[in-house]
Amino acid sequence: MSEKYVVTWDMFQMHARKLAERLLPASQWKGIIAVSRGGLFPAAVLARELGLRHVETVCIASYDHDQQGELRVLHAADTDGEGFIVVDDLVDTGNTAKEIRKMYPKAKFVTVFAKPAGAPLVDDYVIDIPQNTWIEQPWDLGLGFVPPIARK
Ligand SMILES: O=P(O)(O)OC[C@H]1O[C@H](OP(=O)(O)OP(=O)(O)O)[C@H](O)[C@@H]1O
Ligand SMILES: Nc1nc2[nH]cnc2c(=O)[nH]1
Ligand SMILES: [Mg+2]
């Protein structure tokens, strides 16, 4: 990836809240299925904003680099997705989204960020990100010392 897009916690929360607004009225939903792990973060925001307390997970692990695209399902919520919001933090190639759609055909599948290859696979998302850009999520970052510009 040639570019980087750094996301802070407050921007993430702001975008996730915008997603929540588009999921009103909340009464239409039985609950949320978070695509763990990235989807746990927007799921918490949606659950809070929409007053939903039924939160399930689908736990997916990607294989090694030499087996790119292969996914292993470690745990799945037992439903066809009817009345559920399935949420992930982002869609990139769309490989994860394809698998999720097969598992929960009746759910509404949303993400906070979407790159062009994956965007057609989600029902809604908030922020467009170019395909060549790596999204740095706040839970993968930490505060660190930055040396003064003038220091040699
Ligand atoms: O559209 P794709 O190319 O499939 O990529 C999107 C997926 O990649 C990331 O998860 P990752 O597999 O890194 O695992 P994690 O959520 O446990 O960090 C992200 O949270 C999405 O689930
Ligand atoms: N953090 C992060 N995880 C990803 N998984 C697939 N694409 C991305 C990305 O751009 N950022
Ligand atoms: Mg993920």
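A: A polar contact is a pair of N or O atoms within 3.5 Å. With that idea in hand we can read this structure, which is a predicted model.

Q: Which atom in the side chain of D92 does ligand 2 approach, and at what distance?
A: An N or O atom in the side chain of D92 lies 2.6 Å from a nitrogen atom of ligand 2, and this pair counts as a polar contact because the limit is 3.5 Å.

Q: Which other residues come this way to an oxygen or a nitrogen atom of ligand 2?
A: The side chain of K115 has an N or O atom that is 2.8 Å from an oxygen atom of ligand 2. In the case of I135 the partner is a polar backbone atom, which sits 2.7 Å from a nitrogen atom of ligand 2. Taken alone, ligand 2 exposes 280 Å², and the protein buries 75% of that.

Q: Which residues surround ligand 2, and how do they divide by class?
A: The residues around ligand 2 are L90, D92, K115, W134 and I135. Sorted by class, this shell holds 3 nonpolar and 2 charged residues, with no polar ones.

Q: Where does UniProt place the feature "binding site" for D92 and I135, and how should I read that record?
A: An annotation of this kind may be inferred rather than shown by experiment, and here the unreviewed UniProt entry gives the feature "binding site" at D92 and I135. These positions span 44 residues in sequence, yet no two of their C-alpha atoms are more than 9.6 Å apart, so they gather at one spot.

Q: In which parts of the fold do D92, I135 and K115 lie?
A: D92 is placed in the loop between β5 and α3, whereas I135 belongs to strand β8, made of residues 133-136. K115 is found in the loop between β6 (108-114) and β7 (127-128).

Q: Are D92, I135 and K115 buried or exposed?
A: A residue is called buried when its relative accessible area is under 20%. D92, with a relative accessible area of 17%, is buried, as is I135 with 5%, and K115 is buried as well, with a relative accessible area of 1%.

Q: What do D92, I135 and K115 touch, once residues up to four places away in sequence are set aside?
A: With those neighbours left out, D92 touches M1, K115, A117, G118 and Q131. On the same footing, I135 is in contact with residues including Y5, V7, L90 and K115, and the contacts of K115 include M1, D92, W134 and I135.

Q: Which residues surround ligand 1?
A: The shell around ligand 1 consists of R37, G38, S62, D88, D89, L90, V91, D92, T93, G94, N95 and T96. The largest share of this shell, 4 residues, comes from β5, and both β5 and α3 (95-103) supply at least two residues each. By class, the shell of ligand 1 divides into 2 nonpolar, 6 polar and 4 charged residues.

Q: How far is an oxygen atom of ligand 1 from atoms of G38, D89 and G94?
A: For D89 the partner is an N or O atom of the side chain, 2.5 Å from an oxygen atom of ligand 1. For G38, a polar backbone atom lies 2.9 Å from an oxygen atom of the ligand, and a polar backbone atom of G94 is likewise 2.9 Å from an oxygen atom of ligand 1. The protein covers 74% of the 500 Å² of accessible area that ligand 1 has on its own.

Q: What does the UniProt annotation cover at D89, and where in the fold is D89 found?
A: The annotation "binding site", again from an unreviewed UniProt entry, covers D89, which is found in strand β5, residues 84-91. D89 is buried, with a relative accessible area of 8%. Not counting residues up to four places away in sequence, D89 touches F12, G38, G39, P42, T111, V112, F113, Q137 and W139.

Terms used:
Residues are numbered from 1 along each chain as its sequence is written. Chains are lettered from A and ligands numbered from 1 in the order in which they are written. This is a predicted model: local features need pLDDT of at least 70, side-chain atom pairs count only at pLDDT 80 or more; totals for chains, interfaces and linings use all residues. Side-chain values use heavy atoms; hydrogens and water are left out. Buried means under 20% relative accessible area, exposed over 50%, partly exposed in between (1.4 Å probe, protein chains only). Contact means heavy atoms within 4.5 Å. A residue is near a molecule or strand if one of its heavy atoms lies within 4 Å of it. A polar contact is a pair of N or O atoms within 3.5 Å; within protein, one must be able to donate a hydrogen and the other to accept it, and residues adjacent in sequence count only if both atoms are side-chain atoms. Accessible areas come from the Shrake-Rupley method with a 1.4 Å probe; for residues, only the protein chains shown count as cover. Ala, Val, Leu, Ile, Met, Phe, Trp, Tyr, Cys and Pro count as nonpolar, Asp, Glu, Lys and Arg as charged, and the others, Gly among them, as polar.
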